[in-house]
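Dear colleague,

I am passing on the structure below, and my notes on its strands and sheets follow directly after it. Please read them with the coordinates open.

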Amino acid sequence: MEYFAQEYDVIVIGAGHAGIEACLASARLGCRTAVFTINLDWVGNMPCNPSIGGTSKGHLVREIDALGGEMGKAADKYSIQSRMLNLGKGPAVHSLRAQIDRREYSAGMKHTLELQDNLDIRQGEIVDIIKLENGLWQVKTRLEALFTAKAVIIATGTFLGGRVYIGDISYESGPDGMFPAIELAQALKKLDIPLRRFKTGTPARVNRQSIDFSNLEQQDGDEETVAFSFDSKNPPENKVCCHITYTNDDTKQVILDNLHRSPMYSGKIEGKGPRYCPSFEDKIVRFADKKRHQLFIEPCGLNTEEMYLQGLSSSLPEDVQLEFMRTIPGLEKVQVMRTAYAIEYDCVDPTALKATLEFNDIEGLYGAGQFNGSSGYEEAAAQGLVAGINAALKIKGEEPLILDRGGSYIGTLIDDLVTKGCTDPYRMMTSRSEYRLVLRQDNADIRLTPIGYKIGLISQQRYDKLLYKEKLVEQELERIKKKSIPLTEQLQQILIECETTPLDRGCKMIDLIKRPQLTYKVLTPVDDDRPDLPKEVFEQVEIAVKYEGYIARQEQQIKEMRRIECKKIPDDIDYNSLKGLRLEAVEKLSKIRPENLGQAGRISGVNPADIAALNIILETL
């Protein structure tokens, strides 16, 4: 029998990476918040790779942290191996990645939620959601408890309408054998939410004791590690090593001989899978000329023998999985602990959302994470943070947080989703940003911490720390502009060893730093009065000096982009009544309802002539 249980300001459905950030942000901004999850023991679960960060994803984690989110702090605390990727390239694509103790991370995040003021964390499956006549939202649990809220954030991950596929076997399920959210999917369809089916997958987990590591390539963590969080006092320690192996012709042949048994190729799976993280059988077909594929063998934690086979995602039958794994060096006698599977799930067409992640036509309802068509823990957490902030700000009657493409990867991620949509699970990449030289992971605090402070998620102490860092950077820039370095044999020797042109006279320190081959580190012997500053201060100065011209050019591009973005489009504009727009443009603009001229110009199917006409129309309104 139904009964009324409690009223909240914000209810979050799902306690994965999106739900965690959403409920914490809402609660920390003073809203009475509840988060519901099907199983409390799987808060912040990592059903796929037990890692956080990576190319472009490390940028997102840094930005989440800079705004006052939780993922970076937790990743530092439960990291078991840390590596900075892409160091052979420029600073724009340097990305931090950490192997995480999966179960410790989950338990730690659960405890963080339990300790948070204004937040109730509840185990319960939400089976219905309706909008009441008084404007409140009502959700119902399977146990028929009714809860109301002013705003609801849907962060269901891959649980919504979840169905697992392993060869010919398929059944309703969430990830890792959890219950799926079937009735909630039906309830959302009643709200006329445009749902579609996507698919993702995960590799098998195998027993460490059954792996022969003797001929595998060892992959250690960095000697000098770096934290994700700008607030972490100590960098994480490397506690494990990973290993690399490769598939071969025998592996490929097993796949090809059994391709007809894959639900992907038999037509059983309808959902669209991730383009940039395909299943192993899909890689064999798509890259038929490739002799071998690299695989990473990674620990799932310190207190488990489970190992993750990165790069070996599959939906083939269990017997075929075992057969092809045992053709791989090191895995000849491997014992599977968890079979690989594909999972199909419901998600929303993200063009139905605003840049705040609130639905265009459904007030008080927000989407976040894989529900919005994205993939990845980091993308999910970023959206959860923005959705939680905006739900709270709306309830408090304050201006929403809208991050643009010129200020953050989070802004790029959300703008891509709500403006361009996605036909397969969206994955963040550095190439998606036009302004990646400015949007580096090293300066995320400088870009976003003032915003987090203004909102109320960053403390005064942390904000003051940022201001002091900026002051030190400014002072160091002034020092190297004035600092004269005399011509000495020692300096000439450094220049020769670094393969850069020798000098015929002394010069300013800044002129040496500008050279691509020279760094603060190699110039230490000739910089006799260098102040004792944090490493990140020298990093900021060196990047600013070496890339000064490029950064200035991108900042000018961002300024021009924002000038166009300032041209707001009225919420109630009727595109069908406007003259000068093509029918396709009217259709796309009416559906997506862009908030400004810049966003309108990024919509597929809206061309420059449409934007010019719309600009003229806006001038007359």
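Val206 has Val336 of β18 as its bridge partner, in a model that, please bear in mind, is predicted. The strands concerned are β13, which covers residues 205-207, and β18, and they pair in the antiparallel sense over two bridges.

Both strands belong to an open sheet of six strands, whose order is β14-β15-β16-β17-β13-β18 and whose pairing is antiparallel. The edges of this sheet are taken by β14 (217-219) and β18 (336-338), and because each of these has a single partner strand, one side of each is left without a neighbour in the sheet. If direction is ignored, neighbouring strands here are turned against each other by 35° on average.

There is also an open sheet of three strands, arranged in the order β3-β5-β4, again with antiparallel pairing. Its edge strands are β3 (51-53) and β4 (79-85), each of which pairs on one side only, and from one strand to the next the twist averages 20°.

Within this three-stranded sheet, β4 pairs with β5 (residues 95-100) in the antiparallel sense, and the pairing runs over six bridges; in one of these strands, β5, Arg97 is the bridge partner of Arg83. A helix is associated with the sheet as well: α2, made up of residues 57-67, lies across β3 and β5, and it runs at about 80° to β3.

As general background to the pairing described above, strands of a sheet pair through backbone hydrogen bonds, in either a parallel or an antiparallel manner.

With best regards

Definitions and conventions:
Residues are numbered from 1 along each chain as its sequence is written. This is a predicted model: local features need pLDDT of at least 70, side-chain atom pairs count only at pLDDT 80 or more; totals for chains, interfaces and linings use all residues. Side-chain values use heavy atoms; hydrogens and water are left out. Two strands pair if DSSP finds at least two bridges between them. Helices (H or I, at least four residues) and strands (E, at least two) are DSSP runs, numbered from the N terminus. Axes are lines fitted to C-alpha atoms, for helices over the stretch in contact, and angles run from 0 to 180 degrees between N-to-C directions. Contact means heavy atoms within 4.5 Å.
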